[in-house]
Amino acid sequence: MTDAERNRQDAVTDVAGLRVGHARVAGPGALSGTTVVLAPAGGMTAAVDVRGGGPGTRETDALDPRNLVERIDAVVLTGGSAYGLDAAAGVMAWLEGRHRGVRVGPDPSHVVPVVPAACVFDLGRGGGFTARPDASTGRAAVEAADASGDHARVETGAVGAGTGAVVGGMRGGVGTASAVLESGITVGALVVVNAVGSAIDPATGVPYGSLFDGGRPVVPPREVHEAALRRLARAREAAAPPPLNTTLAVVATDAALTRAQARKVAGTAHDGIARAVRPVHLMNDGDTVFALATGARELPAAPGPLALNEILAAGADLVTRAIVRAVLAAPGGLRGPGGDFPSYRELYGADADAYSR
């Protein structure tokens, strides 16, 4: 057994060198937070693909293959809508203190860290509209990532940027998954599921994504599913409008990719969202996918450019799996001034895992 197999967490941190940290906004009325994906020393190639009609992002233009920045050191996923993008400032300050960033002067301290970020809408979910991430939240999240160690377990559910997440009137959150390909390349995904669309089939109650994961899920009993639909309908009616939401994803690999190849990975990974959430990419979504490549492994020489295909396929599949896991990892229902949002496990009980295999 290799070290990679021995340390495998079925998480994005199976990509060697990547670390993930979460931080939650403290205080009454707070139901939001920030998640940071931290690169290994030397940074990582990155790209982004934005398809939602209402995105909230920062520094994503820097990732365009036509532009200057070759590698970055961290990506921020955050709650708090556009306000929460301030969390990236805390990550920048932490990186600057370690001389990590784009070198712009003769001294090693003369750096400008480029920290792309994207946000989900969760304002007021805990009752406090102004209880949202700021620079201190971002710093806490990157410190947690740094302290986590290599190949660390990634906490999922209502944590970090997924603290106040909701999907189709049901509680959402953070999920992750990974795979080692036939070439030996590792691919991992991390998602924050906070979508306008639903993650479950209204005809059966089975999570959409489980149908694309090679499993054979059990269909919930009719009476259980009908009760769940009634509960969800009440939750949607009671929710404070507007349903401004977003699904965020990071797809990472240890392969050596160009920025153009990484951009292709980010684009096809949106297929993974579309398999697991319906509908997607609406005007009140901000669906955004980042692709990261550490460059530790070369792509196979054959079959030439088509060697990228296995990463493209795996990225989309892993995003789908990670979304299902986020839904299953959500704790008990979210009830408060911002609405009443039951979790999948609360709706479908002890057999919830069987309905998603």
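**Exercises on salt bridges and strand pairing**

In this predicted model, R51 is partly exposed, with a relative accessible area of 37%.

**Exercise 1.** Determine which residue forms a salt bridge with R51, and state whether that partner is buried or exposed.

*Solution.* The partner of R51 is D49, and the closest N and O atoms of the pair are 2.8 Å apart. The next step is to classify D49. The cut-off for a buried residue is under 20% relative accessible area. D49 has a value of 12%, so D49 is buried.

**Exercise 2.** Describe the surroundings of strand 3 and identify the strand to which 6 bridges join it.

*Solution.* Strand 3 covers residues 45-50, and 5 of its 6 residues are buried. Its partner is strand 14 (residues 288-297), and the two run antiparallel. Within this pairing, T45 stands opposite A293 of strand 14.

**Exercise 3.** Find the salt bridges that R231 forms with D340 and with E346, and explain what each pair links.

*Solution.* Consider D340 to begin with: its closest approach to R231, between N and O atoms, is 3.2 Å. Because D340 lies in strand 16 (residues 339-341) and R231 in helix 4 (residues 222-238), this pair ties together parts that are 109 residues apart in sequence. R231 is buried at 17%, whereas D340 is partly exposed at 26%.

Turn now to E346, which forms a salt bridge with R231 at 3.4 Å between the closest N and O atoms. This pair links R231 in helix 4 to E346 in helix 7 (residues 344-348), 115 residues apart. E346 is partly exposed, with a relative accessible area of 32%.

Definitions and conventions
Residues are numbered from 1 along each chain as its sequence is written. This is a predicted model: local features need pLDDT of at least 70, side-chain atom pairs count only at pLDDT 80 or more; totals for chains, interfaces and linings use all residues. Side-chain values use heavy atoms; hydrogens and water are left out. Buried means under 20% relative accessible area, exposed over 50%, partly exposed in between (1.4 Å probe, protein chains only). Helices (H or I, at least four residues) and strands (E, at least two) are DSSP runs, numbered from the N terminus. Two strands pair if DSSP finds at least two bridges between them. A salt bridge is a side-chain nitrogen of Lys or Arg within 4 Å of a carboxyl oxygen of Asp or Glu.
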